[in-house]
Amino acid sequence: MPELPEVEALAGYLRERAVGRCVDRIEVAAISALKTYDPAPSAVSGRTVVDAGRHGKFLDVIFDGGVHLVVHLARAGWLHYREAFPSGAPLRPGKGPIALRVRLDDGSGFDLTEAGTQKKLAAYLVTDPAQVPGVAKLGPDALGADLATFADRLRSRRGQVKGVLTDQSVLAGVGNAYSDEILHAAKLSPFALTDRLTDEQLATLHEATREVLGDAVRRSVGQRAAELKGEKRSGLKVHARTGLPCPVCGDTVREVSFADSSLQYCPNCQTGGKPLADRRLSRLVR
Ligand SMILES: [Zn+2]
């Protein structure tokens, strides 16, 4: 799932490539992906792309006259920039991976695609990003929050730090992958309770958040169009590395189920060497 760094990179790429170009037309192939009906996609034809930005994990493409295309890429969505489209024929609504296509006046443009059968990608055409329910309830940006804000927000929600850190209404931008990395960098158990974190632990967690996200943004933003073609992350230390050695200490990275997914962590770095109990599994066994 694209998180803050990947969406920031996509916004950066659009700023470089699409800003100043005029929209030829927007084509919607997956009707269910477009969550709004006013303004209509046809109302964007002839408007210039004036900027691109990000709200948490939402991408925001801004057209003149104050129209925004706000996109949540969900788990398997991505934006593919095309220097040219194979055909001028309009997209046919159907089962393909393309949800929405934006054609620009120089023949280039971009497709919003979604792999798999679970269609969760959501696009909104609005005159104010706050009209998007998911944007309206976002907490402060995880990368921009200062220590006081960060600590306040985390303490405002009692729960396991893994869950609180990925709650977009607490802090915006962090998902499953980067929360694993942040907690590993901070040497904190994903199951630590937020109301029991000391000031020092919160400061370490804040620092780790800025470092992990900042590094990932620098890596992603440096990538050229050719590499911006999928969820491609380098430098991950624990996420999606179950069974591999922790690059910090050499212990084996472990996995435990969490919410509707799973998380990865290093026992030696984060939980005093003790593996976390897999509650889902132990419930089954019992
Ligand atoms: Zn380790």
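Helix 6 and the zinc site

In this predicted model, the buried residues of helix 6 are Leu202, Leu205, His206, Ala208, Thr209, Val212, Leu213, Gly214, Ala216, Val217 and Ser220.

Student: What do the buried residues of helix 6 pack against?
Tutor: They pack against helix 1 (4–17), helix 3 (147–155), helix 4 (161–165) and helix 5 (176–185).

Student: How do you know that the span of helix 6 is close to the expected one?
Tutor: Helix 6 has 23 residues and reaches 32 Å from first to last C-alpha. The expectation at 1.5 Å a residue is 33 Å, and the span is close to that.

Student: What makes Cys246, Cys249, Cys266 and Cys269 the residues that coordinate the zinc ion?
Tutor: Donors must lie within 2.8 Å of the metal. The SG atoms of these four residues are at 2.2 to 2.4 Å, so they count as donors.

Student: Why is the site of the zinc ion called tetrahedral?
Tutor: Four donors count as tetrahedral if all angles lie between 85 and 135 degrees. Here the angles among the four donor atoms are 98 to 114°, so the site is tetrahedral.

Student: How are the donor residues spaced in sequence?
Tutor: The spacing is C-x2-C-x16-C-x2-C. Cys246, in the loop between helix 6 (199–221) and strand 9 (254–258), and Cys269, in helix 7 (residues 267–270), are 23 residues apart.

Student: Why is Cys266 called buried, and Cys249 partly exposed?
Tutor: Buried means under 20% relative accessible area, and exposed means over 50%. Cys266 is at 0%, so Cys266 is buried. Cys249 is at 33%, which lies in between, so Cys249 is partly exposed. Cys246 and Cys269 are also buried.

Note on methods
Residues are numbered from 1 along each chain as its sequence is written. This is a predicted model: local features need pLDDT of at least 70, side-chain atom pairs count only at pLDDT 80 or more; totals for chains, interfaces and linings use all residues. Side-chain values use heavy atoms; hydrogens and water are left out. Donors are N, O and S atoms within 2.8 Å of the metal (3.2 Å for Na, K and Ca); water is not among the atoms, so sites may look incomplete. Four donors count as tetrahedral if all angles lie between 85 and 135 degrees; four count as square planar and six as octahedral if opposite donors are over 155 degrees apart and all others between 65 and 115; anything else is irregular. Helices (H or I, at least four residues) and strands (E, at least two) are DSSP runs, numbered from the N terminus. Buried means under 20% relative accessible area, exposed over 50%, partly exposed in between (1.4 Å probe, protein chains only). The expected span of a helix is 1.5 Å times one less than its number of residues. Contact means heavy atoms within 4.5 Å.
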